[in-house]
Amino acid sequence: MQAFGDTLPPIGYVAFCRDHSDECRPARRFSDRVQFSAAKFGELQTVNDYVNASVNPVTDLDLYGKVEVWTYPAAGKGDCEDYVLLKRRMLIERGWPASTLLITVVRDENNEGHAVLTVRTDSGDYVLDNKRKDVSSWSDTPYTFVKRQSDRNPLVWISLLPPELTPQPSISASNSR
């Protein structure tokens, strides 16, 4: 997964961090990658299975009356970001370094925005996804990876699209007439 420099975080994530600032600070214990094993893979699969089975998918508009709300699942309901946040929290509670658990924005098979959790290991990056039962390598997903959190600072987001593929604003910010 190649990075192409800093980019803006999703607006829903900015609001989430405003409300949950303790969860958006750089980790005290930095780890570039987790040493991977069958037991570690089992933990990923267990958390992915549990969250996917215990949360029913519903849009933010249906649940909150707003287009974009990043939070933990409410009353067993949530959208993709809610799944990701819960999986991340559960893995941190199990001792996984936060710096290896990166919220990632992708374009799915319908070219729609979607969030997954990328887990950085010494055997490659794996994806936990509410649309898929099995934890898989990021390269085995049908997704276009758009951006993800920085492993050094969760408030910084990194573009995963080459500059020539990054959408440009259609309106100039200049003050020219």
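A residue counts as buried when its relative accessible area is under 20%, as exposed when that value is over 50%, and as partly exposed in between. These words come back often in the description below, which concerns a predicted model.

A good place to start is with the salt bridges, of which the structure holds 10. One of them joins Arg-120 to Asp-32, with the closest N and O atoms 3.1 Å apart. Arg-120 sits in strand β5 and Asp-32 in the loop between α1 and α2, so that this pair, 88 residues apart, links distant parts of the chain. Arg-120 has a relative accessibility of 8%, and therefore counts as buried. Its partner Asp-32, at 37%, is partly exposed. The two also belong to a network of salt bridges that links Asp-32, Arg-33, Arg-120, Asp-125 and Asp-151.

A second bridge connects Glu-43 with Arg-94, and here the closest N and O atoms are 3.8 Å apart. Again distant parts of the chain are linked: Glu-43 belongs to helix α2, Arg-94 to the loop between α4 and β4, and 51 residues separate them. Glu-43 counts as buried because its relative accessibility is 19%, a value under the 20% limit. Arg-94, at 41%, counts as partly exposed.

A third bridge pairs Lys-131 with Asp-108, the closest N and O atoms being 2.5 Å apart. This one runs from loop to loop, with Lys-131 between β6 and β7 (136–137) and Asp-108 between β4 and β5, 23 residues apart. Lys-131 is partly exposed, with a relative accessible area of 38%, whereas Asp-108 is buried at 7%.

Attention now turns to the nonpolar interior. In soluble globular proteins, nonpolar side chains tend to be buried together. In this model, the largest nonpolar core has 32 residues, and the members that touch the most others are Tyr-13, Phe-16, Leu-44 and Leu-91. At least two residues each come from α1, α2 (38–54), α4, β4, β5 and β6 (124–128). Helix α4 gives the most to this core, with seven residues. What does Leu-91 touch, not counting residues up to four places away in sequence? Its contacts are Glu-43, Leu-44, Val-47, Trp-96, Leu-101, Leu-117 and Leu-128. Glu-43, already met as the partner of Arg-94 in a salt bridge, is thus also in contact with Leu-91. A second, separate core is made of six residues, including Val-106, Val-116, Phe-145 and Leu-160.

The next topic is the open space. Rolling a probe the size of a water molecule over the atoms shows where empty space is left. The largest pocket has a volume of about 770 Å³. Its lining consists of 34 residues, and those closest to the centre are Val-105, Val-106, Arg-107, Gly-113 and His-114. Val-106 is also a member of the second core. Five elements supply at least two lining residues each: α1 (11–19), α4 (80–93), β4 (101–107), β5 (113–121) and β8 (144–149). By chemical type, the lining divides into 15 nonpolar, 11 polar and eight charged residues.

The second largest pocket encloses about 330 Å³ of space. It is lined by 26 residues, and nearest its centre lie Glu-23, Arg-25, Arg-88, Ile-92 and Ala-98. Two or more lining residues come from each of α1, α4 and β4. The largest share, four residues, is from α4. Here the lining divides into 15 nonpolar, three polar and eight charged residues.

Finally, two residues deserve a look for their backbone angles. Most residues other than glycine have a negative phi, and most peptide bonds are trans. Which phi value does Ala-75 have, although it is not a glycine? The angle is positive, at about 55 degrees. Ala-75 is placed in the loop between α3 (60–64) and β3 (77–78), and at 77% relative accessibility it counts as exposed. Asn-111 likewise is not a glycine but has a positive phi, of about 65 degrees. Asn-111 lies in the loop between β4 and β5, the loop that also holds Asp-108. With a relative accessibility of 55%, Asn-111 counts as exposed, while Asp-108 counts as buried.

Note on methods: Residues are numbered from 1 along each chain as its sequence is written. This is a predicted model: local features need pLDDT of at least 70, side-chain atom pairs count only at pLDDT 80 or more; totals for chains, interfaces and linings use all residues. Side-chain values use heavy atoms; hydrogens and water are left out. On a 1 Å grid over the protein atoms alone, a cavity is a set of points where a 1.4 Å probe fits but cannot get out, and a pocket is an open set with protein on both sides within 12 Å along at least five of seven lines; lining residues have an atom within 4 Å of a point. Grid points are joined across faces, edges and corners, and a volume is the space filled by probe spheres set on the points. Ala, Val, Leu, Ile, Met, Phe, Trp, Tyr, Cys and Pro count as nonpolar, Asp, Glu, Lys and Arg as charged, and the others, Gly among them, as polar. A nonpolar core is a set of buried Ala, Val, Leu, Ile, Met, Phe, Trp, Tyr and Cys residues joined through side-chain atoms within 4.5 Å. Buried means under 20% relative accessible area, exposed over 50%, partly exposed in between (1.4 Å probe, protein chains only). Contact means heavy atoms within 4.5 Å. A salt bridge is a side-chain nitrogen of Lys or Arg within 4 Å of a carboxyl oxygen of Asp or Glu.
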